[in-house]
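Subject: The protein–DNA model

Hi there,

Here is the structure I promised to pass on. Have a look at it first, and my notes follow underneath.

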There are 2 protein chains.
Amino acid sequence: MAELDTQLKKGTLELCILALVQKERKYGYDLVEQLKVLGMIITEGTLYPILIRLRTDGYLVATWEESEQGRPRKYYEITEKGTQMLTESIKQWKEYVAIVNTIISHKYT
Amino acid sequence: MAELDTQLKKGTLELCILALVQKERKYGYDLVEQLKVLGMIITEGTLYPILIRLRTDGYLVATWEESEQGRPRKYYEITEKGTQMLTESIKQWKEYVAIVNTIISHKYT
DNA sequence: CCTTATATTTTGTATTACAAGGTATATTGT
DNA sequence: ACAATATACCTTGTAATACAAAATATAAGG
């Protein structure tokens with residue numbers, strides 16, 4: 001059986017990344033750092049494919065930007081489609097959490 | 001991108017099934033029906049492999065029981081190990097939900 | 001009989017987080 | 001000058017898992 005934590009991420013990582021980018025435009029490496037601070041550890045091999053998926057599907061747009069020091073950064077911004085998707089996803093997430101909480105608290109007949 | 005609902009289930013289905021069986025010993029088909037009522041649709045092709053995994057790992061035990069009508073049923077009960085696992089999993093689940101809620105509500109700096 | 005409901009199981013598929021590694025640039029320490 | 005570290009992006013291959021679909025089996029009801 002895989003780590004529970006790994007499994008829990010499936011489905012919510014895209015949601016979280018959309019939400020983070022919605023609050024503030026971000027580049028990939030920064031997202032990994034920020035998620036770590038917030039208590040969600042992901043590797044770059046996880047993040048970059050997600051960013052590519054979200055961009056391919058039109059939820060994010062990317063622009064290269066020179067950095068004063070170090071490599072140029074690819075900044076991501078959320079699109080209108082991305083915002084709609086995020087709103088819908090958050091709704092589904094909350095519904096799902098409610099169901100799971102009902103089950104684990106044995107509050108059903 | 002797959003259905004969000006499908007992805008959300010990964011990781012929490014085992015948790016939910018352990019919790020359902022903890023409350024009352026159950027057989028497979030009954031679990032599918034009960035989950036449907038509670039708002040979580042899963043197919044048999046999803047449930048039975050999970051039950052096998054949970055039994056193989058020692059979290060559940062199974063006993064065949066004759067039914068007055070229809071096929072015999074394989075009833076599942078939670079083990080001590082299963083109860084410990086469930087307690088730990090619920091703790092992790094709650095921590096994870098808290099992190100996701102922080103992110104989607106933009107309540108961080 | 002034939003359909004429906006009950007009940008378990010198996011096979012194959014698509015998705016996705018991750019480990020591991022590769023590429024590239026700037027800073028810091030010795 | 002040189003090595004190590006931090007920053008930053010990307011790719012490849014793997015393991016885990018929900019699901020569709022089908023196979024198997026028994027009893028009840030029209």
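First, a term for what follows: a polar contact is a pair of N or O atoms within 3.5 Å; within protein, one of them must be able to donate a hydrogen and the other to accept it, and residues adjacent in sequence count only if both atoms are side-chain atoms. By that rule, a polar side-chain atom of T46(A) sits 3.1 Å from a phosphate oxygen of DNA strand C.

Please keep in mind that this is a predicted model, where local features need pLDDT of at least 70, side-chain atom pairs count only at pLDDT 80 or more, and totals for chains, interfaces and linings use all residues. Residues are numbered from 1 along each chain as its sequence is written, chains are lettered from A and ligands numbered from 1 in the order in which they are written, and side-chain values use heavy atoms, with hydrogens and water left out.

**DNA strand C**

Counting a residue as near a strand if one of its heavy atoms lies within 4 Å of it, 28 residues surround DNA strand C, and the closest are K9(A), Y29(B), Y48(B), R73(B) and K74(B). Sugar or phosphate accounts for 65% of the strand C atoms within 4 Å of the protein, and bases for the rest. Two of those closest residues reach phosphate oxygens of strand C: an N or O atom in the side chain of K9(A) is 2.5 Å from one, and a polar side-chain atom of R73(B) is 2.4 Å from one. The elements giving two or more residues to this surface are helix 1 (4-9) and helix 4 (44-56) of chain A, along with helix 3 (28-37), helix 4 (44-56) and strand 3 (73-78) of chain B. Here helices (H or I, at least four residues) and strands (E, at least two) are DSSP runs, numbered from the N terminus.

**DNA strand D**

Around DNA strand D there are 27 residues, the closest being Y29(A), E44(A), R73(A), K74(A) and K9(B). Of the strand D atoms within 4 Å of the protein, 68% belong to sugar or phosphate and the rest to bases. Phosphate oxygens of strand D lie 3.0 Å from a polar side-chain atom of Y27(A) and 2.5 Å from a backbone N or O atom of Y29(A). What does R71(A) reach on strand D? A polar side-chain atom of R71(A) lies 3.1 Å from a base nitrogen.

**The two protein copies**

Superposing by least squares on the C-alpha atoms of residues with pLDDT of at least 70 in both copies, a rotation of 180° with 0.0 Å of shift along its axis brings chain B onto chain A, with an RMSD of 0.1 Å. The two copies are thus related as by a two-fold rotation axis.

**Inside the chains**

Chain A has five helices and three strands, running α-α-β-α-α-β-β-α from the N terminus. Its C-alpha trace spans about 60 × 30 × 20 Å along the principal axes.

In chain B, three strands form an open antiparallel sheet in the order 1-3-2, where two strands pair if DSSP finds at least two bridges between them. The edge strands, each pairing on one side only, are strand 1 (26-27) and strand 2 (60-65). Strands 2 and 3 of chain B pair over six bridges, and the bridge partner of E65(B) in strand 3 is R73(B), a residue that also has a polar side-chain atom 2.4 Å from a phosphate oxygen of strand C.

Happy to talk it through whenever suits you.

Best wishes
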